[in-house]
Every structure is written in C-alpha cells, then in structure tokens.
Amino acid sequence: MKIIILQHISCETPGYIKDLMIKDGVELTTVQLDEGQIIPSDLSIFDGMLCMGGPMDTWMEKNHPWLVDEKKRIKEFVVDLKRPYLGFCL
C-alpha cells in the first residue's frame with residue numbers, strides 16, 4: 001500500500017499514525033509543500049492521501065501559493081480517482 005502525505009510545516013507530521021503505517025509496511029511519500037516540494041504528477045500510484053495541518057488556512061493563497069495546486073490535486077485524488085483522503089485541521 002502506498003500513501004502520500006501532504007505536509008505544510010515540519011512540526012505537523014502524522015506522528016503516531018506514521019509509526020503505525022511504517023510498522024504495517026505501508027510505503028509513505030511525504031511532500032513538504034512549505035519547502036517547495038511538488039506533488040507528484042501521477043497520483044494514481046497512491047492508495048490514500050493524508051493532508052496535515054498548519055498555521056495557514058485554505059484561503060491564504062497569496063501567502064502560500066502552493067495551496068492553489070494542492071487543492072486541485074486533492075480534488076483530483078478524491079473526485080476523479082475516487083481514492084480515500086484524510087485531512088487534519090487545514
């Protein structure tokens with residue numbers, strides 16, 4: 001199983017959930033958006049998506065321009081690919 005994690009700030013990690021997934025052999029890909037990392041173009045390779053929180057809100061695109069692409073990619077993952085998504089706090 002492959003899970004993509006969208007992270008917005010280094011201190012907002014999946015924590016214990018990540019530990020459990022690693023223990024179960026889940027392959028994790030973390031994209032640190034605030035550090036300029038790009039979401040992979042082919043989301044179909046992932047079985048699920050976790051979206052972590054952060055100090056920003058979803059409408060703060062001027063200060064965090066990566067939010068524009070992130071929201072499009074979440075929609076693609078959930079609506080188009082019909083894959084499971086779990087978002088925390090953002």
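Visitor: What makes the radius of gyration of the protein chain agree with that of a compact globule?

Guide: In this predicted model, the protein chain has a radius of gyration of 13 Å. A compact globule with 90 residues would have a value near 12 Å, so the two agree. Along the principal axes, the C-alpha trace spans about 40 × 30 × 20 Å. Buried residues account for 32% of the 90 residues.

Visitor: What share of the contacts between residues at least 6 apart in sequence joins residues at least 24 apart?

Guide: The share is 74% in the protein chain.

Visitor: Which elements does the protein chain contain, and in what order do they run?

Guide: The chain has two helices and four strands. From the N terminus on, their order is β-α-β-β-α-β.

Visitor: How do you know that E1 and E2 pair?

Guide: Pairing requires at least two bridges between the strands. Strand E1, residues 2-7, and strand E2, residues 27-32, are joined by six bridges in the parallel sense, and therefore they count as paired. Within this pairing, isoleucine 4 stands opposite threonine 29, and threonine 30 is the bridge partner of isoleucine 5.

Visitor: How do you know that E1 pairs with E3?

Guide: The criterion is again at least two bridges. E1 and strand E3, residues 48-51, run parallel and are joined by four bridges, so the criterion is met. Isoleucine 5 stands opposite leucine 50 in E3.

Visitor: What makes E2 and E4 the edge strands of the sheet?

Guide: The open sheet consists of four strands in the order E2-E1-E3-E4, with parallel pairing. E2 and strand E4, residues 85-87, each pair on one side only. Neighbouring strands of this sheet are turned by 15° against each other on average, direction ignored.

Visitor: Where do the helices lie relative to the strands?

Guide: H1 packs on the sheet and touches E1, E2 and E3, with a direction that makes about 145° with that of E2. Helix H2, residues 66-80, lies across E1, E3 and E4 and runs at about 150° to E3.

Visitor: Which elements make the right-handed β-α-β unit?

Guide: The unit is made by E1, helix H1 (residues 16-23) and E2. With the strands pointing away from the viewer, a right-handed path runs clockwise from the first strand over the helix to the second.

Visitor: Why is glutamine 7 called buried?

Guide: The limit for a buried residue is under 20% relative accessible area. Glutamine 7 has 5%, and is therefore classed as buried. This residue belongs to strand E1, where five of the six residues are buried.

Visitor: Which residues does glutamine 7 touch, leaving aside those up to four places away in sequence?

Guide: Glutamine 7 touches Glu12, Thr13, Pro14, Thr30, Val31, Gln32, Leu33, Asp34 and Met52. Glycine 36 lies 29 residues from glutamine 7 in sequence and 11 Å from it in space, C-alpha to C-alpha.

Visitor: What makes the approach of the glutamine 7 side chain to serine 10 a polar contact?

Guide: The side chain of glutamine 7 reaches the backbone oxygen of serine 10 at 3.4 Å. The cut-off is within 3.5 Å, so this distance satisfies it.

Key. Residues are numbered from 1 along each chain as its sequence is written. This is a predicted model: local features need pLDDT of at least 70, side-chain atom pairs count only at pLDDT 80 or more; totals for chains, interfaces and linings use all residues. Side-chain values use heavy atoms; hydrogens and water are left out. Buried means under 20% relative accessible area, exposed over 50%, partly exposed in between (1.4 Å probe, protein chains only). Axes are lines fitted to C-alpha atoms, for helices over the stretch in contact, and angles run from 0 to 180 degrees between N-to-C directions. Contact means heavy atoms within 4.5 Å. A polar contact is a pair of N or O atoms within 3.5 Å; within protein, one must be able to donate a hydrogen and the other to accept it, and residues adjacent in sequence count only if both atoms are side-chain atoms. The radius of gyration is taken over C-alpha atoms; the globule rule is 2.2 Å times the number of residues to the power 0.38.
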